[in-house]
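Grab a coffee and work through these short exercises with the structure open beside you. Try each task before reading its solution.

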Amino acid sequence: LAAGETLVALCPPEAAPAALALAQTLENAGLPEGALTVLPVAAAPVCPADAQLSPPEGAARPALIVLADADLDAAVEGVARAVWSGLGQLPTAFGRVLVAEAVAEALTARLARRLATLRLGDPLDGTTDLGPLRSAEALEALQSALEAAVAAGAALIEAEAPTLPAGAYARPALLTGVAPANRAFGRPLLGPVATLTTFRTPDEAVDLANNLAEGRAVSIWSESLTTVLDLATRVAARQVFINEIGLVGLAAEEASPPETADKALRAALAAAEKAASWSALSGAERAARLRGFGPAPLAEAPSGAAGIPAKGRMEIDLRAPFGVLALEAASLDQARAAVALGNRVIWASEAAAAREAAARLPDGVLTLLPAGTPSLGAPGIAACLRLAPGLAGGALARALTRARRITLPFGA
């Protein structure tokens, strides 16, 4: 709508009340009549040949690729958010998990344990992880699909939950050993079920990810920057995530009001400006101040890092600091590495470990803002980063402390 398009929104009858309420709200706000039409239909009608529409609900689901060197604990949480957060009913749900044969058994065991922690119940209860499916018919269709998948050779692992609540509730589950010939491999199951298919080499993973029609997205999990950048250019997907599955989670962070967030950001930036002397310290001096900040203090740290976008590439020069960095999503290890490199950091985090770390450092070196602050971009901030949980905090961070200069494709 913001780009000037007009839309016909197709939705199942069960979802029509919410969609119609949204359309009414937009109309009340001044949206011209006809700019948005809600069409409740049981199945998508045949579209004109020249219609430019999003892929139909039955299109290939996004694939999540877990390589042998991936952080398996992080990948498990990625699967939890990608597959189970929306009960697998959304077209954007990552229903297919492609896992390296070498770690398939370990990943399966971790996922089975994670299944047992998911709580089914009232979706209006903040402690609930999974609510009911959208209808009794949807539950019956899911159960039929699971029976067919098992008959075709897959193994079903379900959470051993207590008696299900009344309603269209389905236990979260895994289908392991799903071969490409199994209909469950490419067919959207429309339920809280992840399918696991193994591969031996990254090339085979790409083939498996691409053997269906172009998918909406692919998520690649690995600690090797070279490998993920190679795979990212070869998978047929509209979006590629690295050690992440997007911005949707089991529990969305509550954003601060814009006025409050803007005031807090200005105050944080002012504090960072006063701490400019931090960047002038040597790497060894900063490392000495950082001892006890995080599990593995940097013994040696380069002077800093600066990014220069130019002609389709990003050059990171480790001889001068960025200045003031804003971190919208990061781990304690990533924040520590950014500070060790001579940067002053504004970090959207309310974790107890983050508060403890900030208290150990000079004022303005590490300033915390409420989690979920809408935007950390502002004049005076050199870069605003949203860091993936595994890659930048592990192998990449260690590489940055050893290298002098690296070059990445622009936007990586």
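**Exercise 1: a residue in β6**

T176 comes out at 15% relative accessibility, so it counts as buried. Keep in mind that this is a predicted model.

Task: find the strand that holds T176, then list what T176 touches beyond residues up to four places away in sequence.

Solution:
- Step 1. Look at residues 173–176: they form strand β6, and T176 lies in it.
- Step 2. Apply the cut-off: buried means under 20% relative accessible area, and T176 is at 15%, so the buried label fits.
- Step 3. Leave out residues up to four places away in sequence, and T176 touches T108, A154, A155, I157 and L196.

**Exercise 2: a residue in β1**

Task: is A9 buried, partly exposed or exposed, and why?

Solution:
- Step 1. Place the residue: A9 sits in strand β1.
- Step 2. The partly exposed class runs between the 20% and 50% limits. A9 has 30% relative accessibility, so it counts as partly exposed.
- Step 3. Set aside neighbours within four places in sequence; A9 then contacts L36, T37, V38 and L39.
- Step 4. Check one of those partners: L39 is 30 residues from A9 in sequence, yet their C-alpha atoms are 5.9 Å apart.

**Exercise 3: how β1 meets β2**

Task: in which sense do β1 and β2 pair, and over how many bridges?

Solution:
- Step 1. Take β1 (residues 7–11) and β2 (residues 36–40): they pair in the parallel sense, over five bridges.
- Step 2. Pick out a facing pair: L10 stands opposite L39 of β2.
- Step 3. Add helix α1 (residues 16–28), and β1, α1 and β2 together give a right-handed β-α-β unit.

Definitions and conventions
Residues are numbered from 1 along each chain as its sequence is written. This is a predicted model: local features need pLDDT of at least 70, side-chain atom pairs count only at pLDDT 80 or more; totals for chains, interfaces and linings use all residues. Side-chain values use heavy atoms; hydrogens and water are left out. Two strands pair if DSSP finds at least two bridges between them. Helices (H or I, at least four residues) and strands (E, at least two) are DSSP runs, numbered from the N terminus. A crossover is right-handed if, with the strands pointing away from the viewer, the path from the first strand over the helix to the second runs clockwise. Buried means under 20% relative accessible area, exposed over 50%, partly exposed in between (1.4 Å probe, protein chains only). Contact means heavy atoms within 4.5 Å.
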